[in-house]
Amino acid sequence: MFNRSVPEKSQASTPTASTSDAVALRQKPNQCKALFRKTLVQQKRQAVNNIACLLVCPLLLVLTTALLASALAFLTQDGVVIENYLYCSNTAVLTAAGLPNYNITEASKQFRTVEEAPTKPFDPHANKWSAFYEDTTPKVTVKMMPVNFFSNGVPGPCVHWFGDAYPSFSQIYERNANLTGLGKMDATAVPPPDGGWIGQLLKYHETPSEEGMMILQELTRKQLSEWAVVGARPEFAKYLGSRTKSNLAPNQLSSLNYSSILSPSFDANLGLLGSIPQRLFANLNANGLIGFTLYPYFNVDPKIQSSNDIDDSLSVHLKQVIAEVGKLNKTVFQNYLQGAKYNTDELTSFYASVGSVVSSMPYGGLFLDQFEPEKLKSKWIISYGSDSHIAGAPTFAGTGLRMLSQVSKLNQAQLRAMARGKPALEKATITQGVRVFPEVKSGKPNLKLAAQIGNFLFPFAVSFLLPVFVVMLVKEKEDRVLIMMKMNGMNTWLYYLAHYLTCFVLYACSTLVFACAGYFSKIEMFTLTSPVVLFVLFLLWGNAQVCLSFFLSTLFKQSRIALVITYLLALISVVVSTVLSLLFKGSRQLAVINIWPPFAFYRGLLIANESSSKTPLTTSQLFGDTELRTICVFLLADSVLFALLAAYLSQVVPSQFGVQKPWHFPVTCFLKTRAESKSKTLDLDPREDDDVRAERARVDAQHHSPTANVVVSHLNKVYPSRKGLGPKIGVRNVTFAEEAGVVLGLLGPNGAGKTTLISILSGLFEGSGGTARIAGFDLKTQTDKVYNHIGICPQFDIHWSDLNVQEHLYFYARLKGIPAELETTAVEESLRRVSLETLAMRLPTQLSGGEKRRLSIAIALVGNPAVVFLDEPTTGLDPEVRRMIWNIIQDAREGKTIILTTHSMEEAEALCTRIGIMAKGSMRCLGKPLRLKELYGSGFKLSFISKEEDTARASEFVESVMPLGWRKMDAFATSTAYEFPSSERAKIPAMFKKIEAEKADHGVLQWSISQTTLEEVFVKIISGDDANAD
C-alpha cells in the first residue's frame, strides 16, 4: 500500500518523506521509457498489419514490376532472331571504293571459331561504329548498334586522324594513308576511300554513278565546315593573326600549291591562326559539285575581349541559323523519317541546303587569355556546345569531334609559334588520332521495361505509408489519448518525437524491403544506381514524409476521413507526377513544383529509374548544378517547412479539446506588454455566499491546515475575445483549501467552469491569474512534481485499443515517476483497489462499460497519488456498477484529496464531504452537504396518500398536527404534500407519534417525512440564466 508524506507547512517548496514512503521515493518521470515500451507493445500487437503494409506491399509491387517486365520481354523476343556484331573488326568489310559497308546484311563476312561452330550463331563483322539498324524481312532481325561519341547519331567511323601524316597501320582503316597532293586535301578527319575523297568526288562529277552517289552522301556527312569566332585580351591580340575564308571553283584546283598548304610553318605576320593548315570543303547540291571552301577559318573580332563576349557572339549566330533552318521545306525529310516515298535527289538537295545554312554557324568560340612564348605559357578558353535545333545537321559534327579537331590544330599552332628560331619545329606537324576498340555488341533487345513499369508502380511502394502515419496521429487525437497523456505530464515535444521515430523506423523497414526486393530482382535502378544516392534520396523522403504526415494530421478530426483523403491524396500525387514527367521530359521540372514533397521525391525516383538504363546516377549527382541535388535540397527544406506548419497549426486549428491560440500568436507572444503579462485580477462575484467569502479569507490568511493537499488562491481563467464577443471568463476568483481525506464535489450546469478548473489544477491549461499548490508543490514552478502526485480520471474512458489493462497501468506508473522496482507493486495495488486482478491481461475492447470505467479509475489511483481528479466518474453506468465505483472511491479517499465533478445529486450526497456549486466560473457556495441544506433548503417535507373520497378529511387531520410555518406544496386527488421550516424540527417526534397512531381513523394510507434534497438546493442557487453557458 502506498502512503505519501506531506510538507510540514503548505508553503514549503519541497515535500519531505521517510525512506519507507514510496511516493517520496518517486523519481523523475520516465517518459522515454513509457513511450518506448508502449510503442513496442503496440507494434507487436499490430505485427500482422505491419507485415502486410510494411513488408508485403512493397515486396509485391517490386515483384510485380519484375514479373511484368520479364513477361513483356519474353513476348517481344518471340520470333526475333538475335545477332551479335563485332564493331571495328580487323576483318575487311569494305565496298569496292574502300569505304565501310554500311548495309550490314550484304557482303558482311562472318566470324566464329571451329570449336564454337555447332553452338554459337554467326556474327557479322563491321568496319564502323554505327547507329541503330533494323531490316524488314518477314522474320524481323533486330540489330542494336551503339552510336559513336563523334558520330552525332549517324553511322560513324572507327578511326579519326586529325592531320594528314598518319601511319599505315592497317589495310582497312589506313589503306590510303600514303595519298599525296589533292588526295589529302579533304575537310574530313576520317580515312579516305581509294583515290581520296576529293578524287572520288571529281570522278563522280565527271561520270555520275550509284557508287559515286554513295560516296557523295558519305562526304556530305563527314566533312567539317570548321570555323570559329575568336577574341583575345588586348595585350595578346597581336599573337592571333588571321585565317580568312576562301572560295574556289572546281577549275581552280589545278592552280593550288598543295605542298605549301599541307606543310604549314609559323609566320609572325600571320600569327597563330595563320599557321593552321586548311582543307577543301566541297560545296554540293542536288546537281553535284559547285565549288570548294577552304576550312578552317577564323572570324577574329576585336570587340571580343572576354569569354562572356564569346558566348554572346555564339548566341547571335545560333538564333540566325535557327531562323534560316525554319524557312526550309522539310517535306522530303519527314517522308524519309516516316518511311514514306521520297525522291533521292530532293533528299540530297535538302541535306545540301541544311548544310549550307548550318555552315554559317561557328563550331565554337576561342578566347586567348594568356600567351607568353618566351615562358612557354598559354591559356585558351574554348566555348563549344550543342543545340537540339542543329545537332543533327550533316555538316555540324558532334561536340566531341569539333572540340578534338580544334584543340589538335591549336596545339600544333602553339608548338610552331613557341619554337621560333628552331626551323625544324617551326614546320612541325603532329597528327593526332583516335581509334575505337573492337567490341562485340548483342542484338538482344534491351527495352528497359522494368524502368518503364517502375516509373508508375515504384511511387506507390514508398507512398502508401503516408496515410498510415496520418491516421496514427489523428486516431490518438480523436480518442483523446494525447489530452490524457498531457494531463498526466507528458511533454508534447517528446510525444511527437516518439511518433517521428516510430514512423521513421517503420518507413526504414519498408524501404529496406523495397530496396532488397529490387536488388535481388535485378532491376537496374537498384543494381546500377549508386547506393549512396539511393540512401540519401530515400532518407530525405522518409524525413519529409513523416513531417508531411504531422502537417496533414492537424487538418483532420476523424481518423476515417483522414484515411480516405490521404489515400486519395497519395494516389493523385502519383498520377499528377506521372503527367509532370511527360511535360518535363528531357528538361528540368519547375523548382516551385518541388514544394510538395511527393512531387519532388517522385521526380528524383524517376531520374534514378530512367538514368539506370542510360548513365546510372553516381554520388557526383548530389553535388553541383544537377536536378537531383535540387530535389534533395527541396526535400530537406520541405521537411523543415511542414514540421513548422504542423507545430503552428496544432496550436491554432480549432479542436474539441484544448485551447486554441490566435493565428498571430507567434508574433504577439513576443510583443505582450508588461501590463498584459501580469496575472489577471477579476472582480468578485456578488452572488457568492458568505461561506465562499469566509473560505477565501481563511486561505488568504493561511489558516488552513498545513497538510492541505489542494490550496487554490484567486484562480482565474479568461479566454481571449473571439468573433467580437469579448473575453470569456472560464474561472473567476476561485479560492479554497482541501485537506487529506476530503472528497470535494463540484456541481454546476454545463459551462459553469468545473472541467476548466480541473484542467488548470491538473496542469493541462494555464491559468490567467492566481496560484495553486497541489500536494505541497507550486503548480506553475513545480509542475513536474505536481504531475507525480496527481491522478486523473477524465469524463470519458481514454484507452489504447492494443494495450491491455496491466500495460495501461505500467505506462502511467512510469509517467508518474514510480521507481522501476516498485512499478509492479503499484500496478498490482491499483488493480486490487478496483477489483480488476482477473482482467489484467484483457484489452479494453474486451471489457464492459463498467470495467472500462474501473480501469480509468485505476489509472487515476496508480501509485497512490495525493490528489485525485474524477470528472463525472459514474456517468452512463447502471446502478449496480455505480454503487461499486462509489465503494472504490470511498475506500480510496484515505490519505488523499479527491475532487470530483458530477451531475448526480445522489452521487454527491453519497461521496462528498464538501460540495461547491459553480456557475459562470464562480464558486457560488461551498460547504458540507448538511450546511448547504440548512442554508438553502426549505426545511422538511411531509406527504401522504389516501383514497380520493378521504383526501379532504385526511388533509384536515394532517394540517392539524403540522408545526407552525407549514405550507401546502402539492395537492392531487389521492396525494398531498406539505413543507415546514427546519426551526420546527423539535416537534417532529410528537408529530410522528400522532400521525402514526391516528392515520387509519382519518383515511391516511401511507405517509412520509424527509429533509430538503441537495437537488432542491441546487435548483434554488442556480437561476435560469446561470444554466445557459456563455
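In which loop does Lys303 lie? In this predicted model, Lys303 is placed in the loop between strand S12 (297–300) and helix H7 (307–326). With a relative accessible area of 72%, Lys303 is exposed, and its C-alpha atom is separated by 9.9 Å from that of Val230, a residue 73 positions away along the chain. Strand S12 is also one boundary of another loop, the one that begins after strand S11 (288–295) and contains Pro296. The peptide bond leading from Tyr295 into Pro296 is cis, with omega near -5°.

Two further backbone features concern the sign of phi. Most residues other than glycine have a negative phi, and most peptide bonds are trans. Leu376, in the loop between strand S13 (364–372) and strand S14 (377–383), has a positive phi, near 55°, and its relative accessibility of 59% makes this residue exposed. Asn733 likewise has a positive phi, near 50°, but this residue belongs to strand S18 (residues 728–738) and is buried, its relative accessible area being 4%.

A search of the whole structure returned 1 disulfide, formed by Cys88 and Cys158, whose sulfur atoms are 2.0 Å apart. The torsion about the S-S bond is about -95°, and the disulfide of Cys88 and Cys158 is therefore left-handed. The pair links distant parts of the chain, 70 residues apart, with Cys88 in the loop between strand S2 (84–87) and strand S3 (110–111) and Cys158 in the loop between strand S6 (141–143) and strand S7 (159–162). Cys88 has a relative accessibility of 2% and counts as buried; for Cys158 the relative accessibility is 2%, and this cysteine counts as buried too.

Helix H20 (residues 627–652) comprises 26 residues and reaches 36 Å from its first C-alpha to its last, a span close to the 38 Å expected at 1.5 Å a residue. The buried residues of H20 include the nonpolar Leu628, Ile631, Leu635, Phe642, Ala646, Leu649 and Val652, and among them are also Glu627, Asp638 and Ser639. Cys632, another buried residue of this helix, has a relative accessible area of 10%. An α-helix has 3.6 residues a turn, so residues three or four places apart point the same way. Several of the buried positions in H20 follow such a spacing, including Leu628, Ile631, Leu635, Asp638 and Phe642.

Leu635 of H20 reappears in the description of the largest nonpolar core, which has 128 residues and in which Phe601, Leu635, Phe811 and Tyr812 touch the most other members. The largest share of this core, 13 residues, is contributed by helix H17 (residues 531–553). Because domain 2 (452–665) and domain 3 (690–933) both give residues to the core, it lies between them. When neighbours within four places in sequence are left aside, Tyr812 is in contact with Met484, Met485, Asn488, Trp800, Ile859 and Val862. A second, separate core of 38 residues includes Phe162, Val357, Leu410 and Ala413.

Two buried residues with polar side chains were examined further along the chain. Lys933, located in helix H31 (residues 929–936), has a relative accessibility of 13% and therefore counts as buried, the limit being 20%. Apart from neighbours within four places in sequence, the residues in contact with Lys933 are Glu909, Gln1011, Thr1012, Thr1013, Leu1014 and Val1017. Thr951, found in helix H32 (residues 951–961), counts as buried at 12% relative accessibility. The side chain of Thr951 reaches the backbone oxygen of Glu948 at 3.4 Å, while a polar atom of this side chain lies 2.6 Å from the backbone oxygen of Ala973. With neighbours within four places in sequence again left aside, Thr951 is in contact with Ser946, Phe972, Ala973, Thr974 and Thr976, and Ala973 is thus found both in this contact list and as the residue whose backbone oxygen lies 2.6 Å from the threonine side chain.

Note on methods: Residues are numbered from 1 along each chain as its sequence is written. This is a predicted model: local features need pLDDT of at least 70, side-chain atom pairs count only at pLDDT 80 or more; totals for chains, interfaces and linings use all residues. Side-chain values use heavy atoms; hydrogens and water are left out. A disulfide is a pair of cysteine sulfur atoms within 2.5 Å. Helices (H or I, at least four residues) and strands (E, at least two) are DSSP runs, numbered from the N terminus. Buried means under 20% relative accessible area, exposed over 50%, partly exposed in between (1.4 Å probe, protein chains only). Contact means heavy atoms within 4.5 Å. A polar contact is a pair of N or O atoms within 3.5 Å; within protein, one must be able to donate a hydrogen and the other to accept it, and residues adjacent in sequence count only if both atoms are side-chain atoms. The expected span of a helix is 1.5 Å times one less than its number of residues. A nonpolar core is a set of buried Ala, Val, Leu, Ile, Met, Phe, Trp, Tyr and Cys residues joined through side-chain atoms within 4.5 Å. Domain bounds come from an automatic or database domain assignment.
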